[in-house]
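Q: Please take a close look at one part of this structure, the packing around its core, and go through it in one connected answer. I would like to know which elements build it, how they are arranged and where the backbone is unusual.

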Amino acid sequence: MNLTMKVSNDFDDDETGPSQVAAGGINVSGEAPFEIRGFSLGNAFLIAGVAITTASFTEYFTNGGAGLSGLGFVYGIPVALIGLALKYAELDPVGVSSTPEASKLFEEKATETMKKIKKDVTRHRYGDEAHLDSTIKTLGLVLPQSDYPQLVGLKEEIEENGELSFSMIFSSKETPFRMWVDPARIKKYDSFFGPGIKSSVVKVSSEERLVAIKLTTFDPNAATEKTEVNGVKDEELSK
């Protein structure tokens with residue numbers, strides 16, 4: 001456990017930067033006053049509620065209602081109901097695909113935005129439509145009256161030139177691939193997730209409708225490389 005205190009298809013140019021992906025705890029956006037890592041808050045409340053209620057019933061039937069059985073009935077059931085509500089609104093942490101070498105490079109080269117994204121999505125969240133839901137909405141990647149693309153994992157890799165690549169892999173059941181690779185939107189990725197990165201879009205799997213936004217660090221002193229879009233024809237994902 002780690003406790004730390006602390007759509008439109010159009011997108012608004014004023015809503016840019018890491019603040020949209022900062023750790024949000026139970027809130028749907030912004031910095032949370034605290035965050036809890038390492039376990040499910042819903043499970044904790046549910047187990048505590050069931051334990052208190054069970055202990056109360058046991059004491060009631062063995063001691064004829066004496067002692068703390070009454071308090072258990074008063075508090076145990078509400079605590080269990082809170083646990084059920086949290087479980088209903090809970091988003092599980094996503095997994096990270098990496099290697100020891102890539103993890104070390106991440107610590108050395110990751111931008112603040114990359115670090116905030118990883119910190120945000122590798123813990124339980126409550127009350128959100130999806131991991132990075134405010135980011136997806138700001139980037140115009142959710143269709144009206146449709147489900148949000150779901151973040152299913154992160155991937156850290158070392159590029160041939162020694163730079164770090166950081167991929168956010170989404171299950172895009174309803175948002176077509178052509179929206180992800182729209183040139184204007186790719187420029188938006190650069191400004192939104194930057195500075196210090198160049199963006200590309202990778203079609204991970206046409207069959208499973210998986211697409212990734214890939215952020216790659218670069219040497220600002222080196223020649224600027226043109227952003228590339230990897231993947232096959234967008235019609236396959238838009239069908």
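A: In helix α3, the residues P100, K104, E107 and E108 are exposed, on the side facing away from its buried residues. The model is a predicted one. The buried residues of α3 (residues 100-109) are A102, L105 and F106. These three span an arc of only 110° around the axis, so they sit on the same side of α3. The spacing fits a general rule: an α-helix has 3.6 residues a turn, so residues three or four places apart point the same way. The cover over the buried residues of α3 includes α4 (112-121), β6 and β7.

One contact from α3 to the strands is aromatic. F106 counts as buried because its relative accessibility is 3%, and F166 is buried as well, at 0%. By the ring-centre rule there are three aromatic pairs in total. For F106 and F166, the ring centres are 5.8 Å apart and the planes are at 35°, so this pair is tilted. The pair links distant parts of the chain, with F106 in helix α3 and F166 in strand β7, 60 residues apart. Another pair is made by F192 and F193, with centres 5.1 Å apart and planes at 80°, so that pair is edge-to-face. F192 has 0% relative accessibility and therefore counts as buried; F193 is buried too, at 1%.

F192 and F193 belong to the buried set of α7, which also has R185, I186, K188 and Y189. Viewed down the axis of α7, the buried residues fall within an arc of 150°, so they line one face of the helix. The face turned away from them carries P183 and K187, both exposed.

The largest nonpolar core has 31 residues, and those with the most contacts inside it are M168, F170, W180, Y189, F193 and I213. At least two residues of this core come from each of α3, α4, β6, β7, α6 (177-180), α7, β8 and β9. F170 shows how such a residue is surrounded. Beyond its neighbours within four places in sequence, F170 is in contact with L132, I136, P149, Q150, L151, V152, W180, R209, L210, V211 and I213. Among these contacts, L210, V211 and I213 are also residues of β9.

How many of the residues of β9 are buried? Eight of the eight residues of this strand (residues 210-217) are buried, so β9 is largely enclosed by the rest of the structure. In general, the side chains of a regular strand alternate between the two faces of the sheet. In β9 both faces are covered: one side has L210, A212, K214 and T216, the other has V211, I213, L215 and T217, and all are buried. The lysine K214 is thus among the buried residues of the strand.

Strand β9 has a pairing with β7 and another with β8. With β7 (residues 164-171), β9 pairs in the antiparallel sense over seven bridges, and S167 stands opposite K214. With β8 (residues 197-205), the pairing is also antiparallel and runs over eight bridges, with S205 as the bridge partner of L210. β8 and β9 form a hairpin with four residues between them.

Some backbone features deserve a check. Most residues other than glycine have a negative phi, and most peptide bonds are trans. R209, in the loop between β8 and β9, has a positive phi of about 55° although it is not a glycine. At 15% relative accessibility R209 counts as buried, because the cut-off is under 20%. Q145 likewise has a positive phi, near 60°. Q145 lies in the loop between α5 (133-138) and β6 (150-158). Is Q145 buried or exposed? Q145 is exposed, with a relative accessible area of 85%.

The peptide bond between G194 and P195 is cis, with omega about 5°, and P195 lies in the loop between α7 (183-193) and β8. The residue after P195 in numbering, G196, is 7.5 Å from P220 in space, C-alpha to C-alpha, although 24 residues separate G196 and P220 in sequence. P220 is in the loop between β9 and β10 (229-230) and is exposed, at 67% relative accessible area.

For context, the protein chain has eight helices and 10 strands, and buried residues make up 42% of its 239 residues.

Conventions: Residues numbered from 1 in each chain as written. Predicted model: local features only at pLDDT ≥ 70, side-chain atom pairs only at ≥ 80, totals over all residues. Heavy atoms only, no water. Buried < 20%, exposed > 50% of the residue type's maximum accessible area, 1.4 Å probe, protein only. Pairing = 2+ DSSP bridges. Arc of directions from axis to C-beta. Contact = heavy atoms within 4.5 Å. Core = buried A, V, L, I, M, F, W, Y, C linked by side-chain atoms within 4.5 Å. Phe/Tyr/Trp six-rings, centres within 6.5 Å; stacked < 30°, edge-to-face > 60°.
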